[in-house]
Amino acid sequence: MIFVASKATGHGASSVGGASVVNAAMNDLFSQVLCTRRPKLNGVSDSSISLGMPRVAGAGGRLKNIPGPRHKRVLLASPRGYCAGVDRAVVAVEKALERYGAPVYVRKQIVHNKHVVATLEQQGAVFVDEVDQVPAGSHVVFSAHGVAPAVVQAASDRGLRAIDATCPLVTKVHREAVRFARDDFEILLIGHTGHEEVEGTAGEAPDNVTVVNNPEEADSVVVRDPEKVVWLSQTTLSVDETMETVRRLRERFPKLQDPPSDDICYATQNRQVAIKKVAQEADVVIVVGSANSSNSVRLVEVALEHGAKAAYRVDYASEVQQEWLTDAATVGVTSGASVPEVLVQELLDDLAQAGYADVQTVQTAEEDLMFSLPRELRTDTAGNRDARALGGRSR
């Protein structure tokens, strides 16, 4: 049975906040963290300068309301959308533009979402692949996914004024890599080769890190000393697949050590738990999120693995196809951790036109985690604390 937190005709956004348990040893990463409990689970960069606004306005009545024998409804997953790390990073770019003026350069996409990147471009942000594309002396923001020390050094060598918008939970994984490399452990980093986060973490200890992309690679990875091996992970992976990879690694390396605390972030886990509940009763699931968003792609996979008859990912509501709704009484809706709520509301508008006006929120956790802004952006030029210094923003 699905727990329905709220039920109404129409689709007013429900208020949700954030659940997490943060290791006390990492408190120095956060200026302010508000936490509640979250469910416990069993154990290619697409950056581009001048993306333009990719949004396509949906035409009214584009999706037809085709009557069927069953009551039409939407199961709206909660939590969904922006996490604390994404919110912090996006606000950091906005505030840098306010304080320093355009252009402000950003290495890679600040977060993996087309709409967010295009909107920031219109405000004056310039996205580049590497810091050598940034004019000497300019401001550059490092994305939420983190960077390797070599990137930090390259920015310094060019005299760039760097603002680090790395998610604090990614920074935690970086510090774990440094610590284990210092003790000469071999680090098996579970993640996707080529993802910015994996490149940044591996760059902290390149001689000690081996990337393991999936459970199959766990069966063949070679380590130099099976007695000194530890696993870490990218923060945006499928929890179930990661645990399967760890299980296979431990079968081969019984002395495999675990990270001190969960590496897969609270938001990734919470969104996967919510969509698992929704998928059990959904004929089709629609995930709002970009193709290069690891956590959005994982949500599609998780939905299919947990009962959804079909699941699709879209950047915009205008991409939904009429045939996806054929014979579908229950449509599940969620969004990745880098997706602003406005895109979900546009999808709900279109679905309402197709007869899915009954929206029931399926809530599995509440989130209230907030991260402070990068230190350079917490005050204005006069030294007054900015109203957004501690991050967070109503969605």
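**A colleague's note on a parallel sheet and an annotated glutamate**

1. A good place to start is residue I190, whose bridge partner in strand β8 is V212. Please keep in mind as you look around that this is a predicted model.

2. That pair has company: strand β7, spanning residues 186–190, is joined to β8 by four bridges, and these two strands run parallel. In general, the strands of a sheet pair through backbone hydrogen bonds, in either a parallel or an antiparallel way.

3. Stepping back, you will find an open sheet of three strands, ordered β8-β7-β9, with parallel pairing. At its edges sit β8 (209–212) and β9 (229–233), each of which pairs on one side only. On average, neighbouring strands in this sheet are turned by 30° against each other, direction ignored.

4. Next, have a look at helix α4, residues 168–182, which packs on the sheet and touches both β7 and β9. The direction of α4 makes about 170° with that of β9.

5. Now to a residue with a label: in an unreviewed UniProt entry, the annotation "active site" covers E197. You can find E197 in helix α5, which takes in residues 196–202.

6. Is E197 buried or exposed? Its relative accessibility is 2%, so E197 counts as buried, the cut-off being under 20%.

7. Which residues does E197 touch, leaving aside those up to four places away in sequence? They are H145, V170, S233, Q234, T235 and T236. Two of these names link back to the earlier points: V170 falls within the residue range of helix α4, and S233 is in the range given for edge strand β9.

Notes
Residues are numbered from 1 along each chain as its sequence is written. This is a predicted model: local features need pLDDT of at least 70, side-chain atom pairs count only at pLDDT 80 or more; totals for chains, interfaces and linings use all residues. Side-chain values use heavy atoms; hydrogens and water are left out. UniProt positions are given in the numbering used here, feature names are shortened, and annotations may be inferred rather than shown by experiment. Buried means under 20% relative accessible area, exposed over 50%, partly exposed in between (1.4 Å probe, protein chains only). Contact means heavy atoms within 4.5 Å. Two strands pair if DSSP finds at least two bridges between them. Axes are lines fitted to C-alpha atoms, for helices over the stretch in contact, and angles run from 0 to 180 degrees between N-to-C directions.
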